[in-house]
Each structure stands twice: as C-alpha cells, then as structure tokens.
Amino acid sequence: MEFDAFRAGVEPGGLINRTEIRLLVCYLLKSIRQPLSGQLLQELFHYEGLANYFEVGQAIQDLLEQGNIRLSPDEPDAYELTDSGRSVVVILERDLPATVREKAVKSAVRLLTRIRREAENKVEITKAERGYVVSCSVMDRGVELMKVRLMVADEIQAKTVREIFLDDPSAIYTGVVELMTHDHIPYSPN
C-alpha cells in the first residue's frame, strides 16, 4: 500500500494513505448517521491522531468532487453521505483497520454528545469580588430542572467545574436528587 499522505500529527496505527482517509470520512458519516461539519471531521481525526488535519480537509474536497458526500440541505457547513458514497463504503469499509474504525466512531459519539450537552445545559462563569461564581443549570426541553451555584477561588477552578459538569450533567442531577432524597426519614416531633 502506498503511503502518500502527510504523517504530521498521525499516531502509530493512524492513516497515512489518502484513499483510506477518504474511506474513513465516508465510514464515519455512514456510522454516525448525521451530517458532520468539515471542521469537526478535521479536528476529530487530528486530535485522535487518526489522520493529518490537512489531509482530512483534502479528503473532504475530493469526496465532494467525486459525488460521495454532499453539503447537507438541513445543516449549513455539514456533510452527509450520498448513495454513491454509501455504496463505496459498504464494499470497502473492511479495508480500514478495525481499531481505526472503532476509535473514530467512539470519538465522534463522545464529541457529539458533548456538543449536545453544551447546547442543552447552561453554565455561566461570573467574576466575583472574591473569586468566581459558577452557575450550572440542568435543562430538559427548555425547563430548568436544577441550578447549582458554586463560589470557587479562581478562573482555573471555574473552568474545571464547567468541564466536569458538562461531562455528564444528568449524573450530577441524579446524584443531587439521590443525596437530597436517599434514606429520607420523615420528621416526627414525638
């Protein structure tokens, strides 16, 4: 197999063949079943060490020109697989290493989940007289289920709280509800 792609930023086991990079773009779009932006694809592949950032950009352009992907009519700047691209990936997906396929899909799911959480829940960081206030709101269809406000010492702590909250807001909500209701013994004055 010819190695014709830049290797910069690619971890061992990553893709350094342009055909494989194009195939992985198609495979990911097929597996995720939703349009993805070119920037998201490039960053995902780059940060996971799967392929060179610029090679992914070129792969997207090549796939557009070949008619294997197209811009989504529903989401601006996002790409979706065409029937032609789907046919190619169904035939050739096994040519990609299983570890690369799995890593790409897991990473995309994790990233899309994070983007959804950021869109659905609210975190505000406000400078206070003696530190920072972090307000975290768990939302459900626009309804605020819970709001927690924490005073922290500095901006680094505030950003850490934000990241931990956005990692799994539902786990925090569940934990607080459990703490507030667990082993509750009704008050009896007698």
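In this predicted model, the structure holds 1 aromatic pair. It consists of Y53 and F54, whose ring centres are 5.4 Å apart and whose planes stand at 80 degrees, so the pair is edge-to-face. With planes over 60 degrees apart counting as edge-to-face, the assignment follows directly from the angle of 80 degrees. The two partners can also be described by their accessibility. Y53 has a relative accessible area of 26% and is therefore partly exposed, whereas F54 reaches 63% and counts as exposed. A further contact with a ring involves a charge: the charged end of R101 sits over the ring of Y27, at 5.9 Å from the ring centre.

Turning to the strands, it is convenient to start with strand 5, which covers residues 131-140. Of its 10 residues, 9 are buried, so strand 5 is largely enclosed by the rest of the structure. Strand 5 has a partner in strand 4 (residues 122-128), to which it is joined by 7 bridges in an antiparallel arrangement. Within this pairing, I125 stands opposite V134 of strand 5, and K127 has Y132 of strand 5 as its bridge partner. Strand 4 and strand 5 form a hairpin, with 2 residues between them.

Strand 5 also pairs with strand 6 (residues 143-152), again in the antiparallel sense, and here the pairing extends over 9 bridges. One of the matched positions is V133, whose bridge partner in strand 6 is M151. Strand 5 and strand 6 form a hairpin too, with 2 residues between the strands, and in this hairpin R141 takes a positive phi near 50 degrees. As background to these pairings, strands of a sheet pair through backbone hydrogen bonds, in either a parallel or an antiparallel sense.

Elsewhere in the model, an open sheet of 3 strands has the order 1-3-2, with antiparallel pairing. Its edge strands are strand 1 (36-37) and strand 2 (69-71), each of which pairs on one side only. Strand 1 runs antiparallel to strand 3 (residues 78-81), and 2 bridges join them. In this pairing, L36 has Y79 of strand 3 as its bridge partner.

The surface offers a nonpolar feature as well. V88, I91 and L92 form a nonpolar patch there, with about 260 Å² of accessible area together. Of these residues, I91 has its place in helix 4 (residues 83-92). I91 counts as exposed because its relative accessibility is 67%, and the threshold for that class is over 50%.

Charged side chains give a further set of contacts, and the structure holds 12 salt bridges. One of them joins R114 to D167, with the closest N and O atoms 2.8 Å apart. This pair links distant parts of the chain, since R114 lies in helix 5 (residues 98-120) and D167 in helix 6, 53 residues apart. The partners fall into separate accessibility classes: R114 counts as buried because its relative accessibility is 16%, while D167, with a relative accessible area of 44%, is partly exposed. The cut-off for a buried residue is under 20%.

Another salt bridge joins the side chains of R162 and E163, at 2.8 Å from N to O. R162 is partly exposed, with a relative accessible area of 25%, and E163 is likewise partly exposed, with 36%. These contacts belong to a wider arrangement, as R114, E118, R162, E163 and D167 are linked in a network of salt bridges.

Helix 6 spans residues 155-167 and holds a salt bridge of its own. E155 forms a salt bridge with K159, the closest N and O atoms being 3.4 Å apart. Both residues lie in helix 6, 4 residues apart, which is about one turn of the helix. E155 counts as partly exposed at 38% relative accessibility, and K159 counts as partly exposed at 46%.

Helix 6 also contains Q157, which is partly exposed, with a relative accessibility of 38%. Q157 leads back to the strand described earlier: Q157 and G131 are 26 residues apart in sequence, and their C-alpha atoms are 9.6 Å apart in space.

How values were computed. Residues numbered from 1 in each chain as written. Predicted model: local features only at pLDDT ≥ 70, side-chain atom pairs only at ≥ 80, totals over all residues. Heavy atoms only, no water. Phe/Tyr/Trp six-rings, centres within 6.5 Å; stacked < 30°, edge-to-face > 60°. Buried < 20%, exposed > 50% of the residue type's maximum accessible area, 1.4 Å probe, protein only. Lys NZ or Arg CZ within 6 Å of the ring centre and 35° of its normal. Pairing = 2+ DSSP bridges. Patch = residues over 30% accessible without salt bridge, like charges linked within 9 Å, V, L, I, M, F, W, Y side chains within 5 Å. Areas by Shrake-Rupley, 256 points an atom, 1.4 Å probe, with all protein chains shown as cover. Salt bridge = Lys/Arg side-chain N within 4 Å of Asp/Glu carboxyl O.
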